[in-house]
Structure formats: structure tokens, C-alpha cells
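Colleague: I have a few questions about charged pairs. Can we go through them one by one?

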Amino acid sequence: MSELDVEAVEDIDAPAGIDAAEYVLYGGKGGVGKTTCAAATALASARDDTATLVVSTDPAHSLSDTLEADIPATPTRIREDVPLYAAEIDPEAAVGEGPLGVEEDALGGVGELLGGDGMFGGAAGAGQTDDPIGGEDGLLGGSMPGADEAAALRLLLDYVDDDRFDRVVIDTAPTGHTLRLLELPETMDSMVGKVLQLRERFSGMMDNLTGMFGDDNDVDAEAGIEDLRELSDRIEHLRSILQDPRKTDFRIVMVPEELSVVESERLLAQLGEFDIPVSTVVVNRVMQDPSEVLGEDVAIAGPNHDDCEFCARRWQVQQDALARSQDMFRGHDVRRVPLFAEEVRGERLLSVVAACLD
């Protein structure tokens, strides 16, 4: 494959704005190019003066490399000429702050009652020294299954109603992590409900045990329960946004290979179970003449299927996968992004990708 024609690439009209929902999520198997697509979409979105936030929940943190900018863990404007904001969530650091974003003893007296220093814990609790609710291995603790996704979800809860942004583009973690992230609203909602039931069950007992906990702890318990009720409402709000096709577009990214097609089919089915709308499927790294994707006037060097036996064989494999994907994703908008001779980094090639996605 020959070098890219740099001047021709720079001559491509960069899309100014995009026709997309308020929230755009890119998901799929790891390594298929979700970060590239998210960065290209966000950059194009910001070009028409739409305040756009691009967020990565992928622990690989490749968004910084793709946009060639230092991206912190909190939304920060990274361009002066266009309103482009970015954030790379560090799930491990976020978990350290508490996966649900509540205070260390958000349950107040209930936490004490069920925890390490209460009547069921410590020396008086048959040897149990850890808090089963807020402790390291507890219900709300950092080692909870899916705790990193819970931390990412907590931060997304803050972003969806942030008045600074007109559009949020999310580069999700690989498929398995993404599905756990989408499953968390229901799981956490159920968990909050159980905590509230525990609170009500022990409310009478706590009234009689004010001497044990003190008035301050009782007030803390009430505040903690109110925080959990508020969290439950916010989770339900996020879920309603994710399920609203007028507000959310989950875009599946794949490469033209058999395993990726199968994985994408599975993801589409699972997203359907969650009522998450999918309108676009992006097939990335296609060994096709770029002019067939971007138009005859675009002179970008592509694979030589006539003289390169390897290119010809790979293209045949990809064509089989493309045919299956076209049939499988019938009714969805299938977009192709060609395989480039160099790594997609920086505005020049991101503009080309955005043109393919437009």
C-alpha cells in the first residue's frame, strides 16, 4: 500500500457539524476504532460552534493520542478555535472516590447498624470486621463487580445535564464492559431499593437505639437515604435518555472480519434487550479504494488489488464479511471507513474519517 497523498487529504472539506442525536455512543469489540470514530465525530460536531464533549471510558486512554492533546479526567476545553471539550475517565481513580459518588458513610446509622462497628460487626458481630455495605468488599465498596463501570456511570450522570455541552460523544470501553455499564442502572436501582427497604425495616429499631448511634448519626442516616433516593432518580433519568432514539444514538463499530461481524451481531441483539437505539453501524479499516467511499474527486492512495496478492486476498475476505454485515444490519445506516496507510491521529485524518461518517 502506498503513502497517502497528503495534499489531497488536506483538500477534503472537513464536515462542519453533524446530523446526530444529542448523545452519541460508539461501542464494539476492543481495537476496532471506536476512539477514532468518537474523536472524528466530536471534532466535526464542534466545527459548527456546537459545544461538544467527547468522553472516553476506555481504560486504554487512547483519546489523548488520537486528538493529540493532553486530556484530563474532568471535562476541559482542548481547542481554542472550536468549542471542543474532552475527558478521559480513570475508572480506578473514580472507584477510589466511591463507585456511587456518595459519602463514605452514605447510609449513616444504617451503615453503622449493619457494618463493622455496629451490632452485627466487630467483636460483637461473630468476628466480622468488615462493613458489608460500605466496606472494601461490601455492597457499595470498591471491589463490587462492575465497580469501574459504576464509577464511569456516576461521572456520566454528571455530564448528561451539564449546560456547558450541546452534544456528548462517548467512546465506550470494549463490548463486555459496555454491556455491564448499560446494565448498571437497573442493578443499581434495585440495590438502592434494597437499601431503602433495609432502612425502613430498621427504622423503628433505630428510633429506640438513638443512644447507641447518637442524634448526629440519625441525621446522617436520613441524609444518606435522601442521597440514595436522589441517585436512584438520576439513574432512571440516564436510562430514559439512553433508551430515547430522539436523544441517543448508539453506533456499533466493527471491522470487516468474521469474528467482528459475529460480535457486532451479538452486541446489537443485547442492546435491543436494553431498548438502546442503534441507527448506525460503522465498518472500519475497509481495504477498498477510498474514492469509492469518499468520491471520485478524492485522491487518497489505496490498496492495489491488481498487483498485490496480499491485498487481493484480504479484500476477498473482507468482501465476504461486508456482504454478511450488509445483510445482517439491514435497516441500519452502514458506513464504511477505509484503511489508511498511516495511523489516524490529529485533525487531518480525523477530518477524512468524519467525512466517511457524515
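Colleague: Does Asp244 count as buried or exposed?

Modeller: Keep in mind that this is a predicted model. The cut-off for buried is under 20% relative accessible area. Asp244 has 12% relative accessibility, so Asp244 counts as buried.

Colleague: Which residue forms a salt bridge with Asp244?

Modeller: A salt bridge needs a side-chain nitrogen of Lys or Arg within 4 Å of a carboxyl oxygen of Asp or Glu. Here the closest N and O atoms are 3.1 Å apart. The partner is exposed, with a relative accessible area of 71%. That partner is Arg246.

Colleague: How far apart are the closest N and O atoms of Arg330 and Asp327?

Modeller: Arg330 has a relative accessible area of 61%, so Arg330 is exposed. This arginine forms a salt bridge with Asp327. Their closest N and O atoms are apart by 3.0 Å.

Colleague: What is the relative accessibility of Arg335, the partner of Asp333?

Modeller: Asp333 and Arg335 form a salt bridge, with 3.1 Å between the closest N and O atoms. Asp333 is partly exposed, at a relative accessible area of 34%. Arg335 also counts as partly exposed, and its relative accessibility is 25%.

Colleague: Which residues do salt bridges with shared partners join into one network?

Modeller: Salt bridges can share partners, and here they link residues into one network. Its members are Arg47, Arg79, Asp81 and Glu347.

Colleague: How many salt bridges are there in the whole structure?

Modeller: The pair Arg246 and Asp244 is one of them. Arg330 with Asp327 is another salt bridge. A search of the whole structure gives a total of 15.

Definitions and conventions
Residues numbered from 1 in each chain as written. Predicted model: local features only at pLDDT ≥ 70, side-chain atom pairs only at ≥ 80, totals over all residues. Heavy atoms only, no water. Buried < 20%, exposed > 50% of the residue type's maximum accessible area, 1.4 Å probe, protein only.
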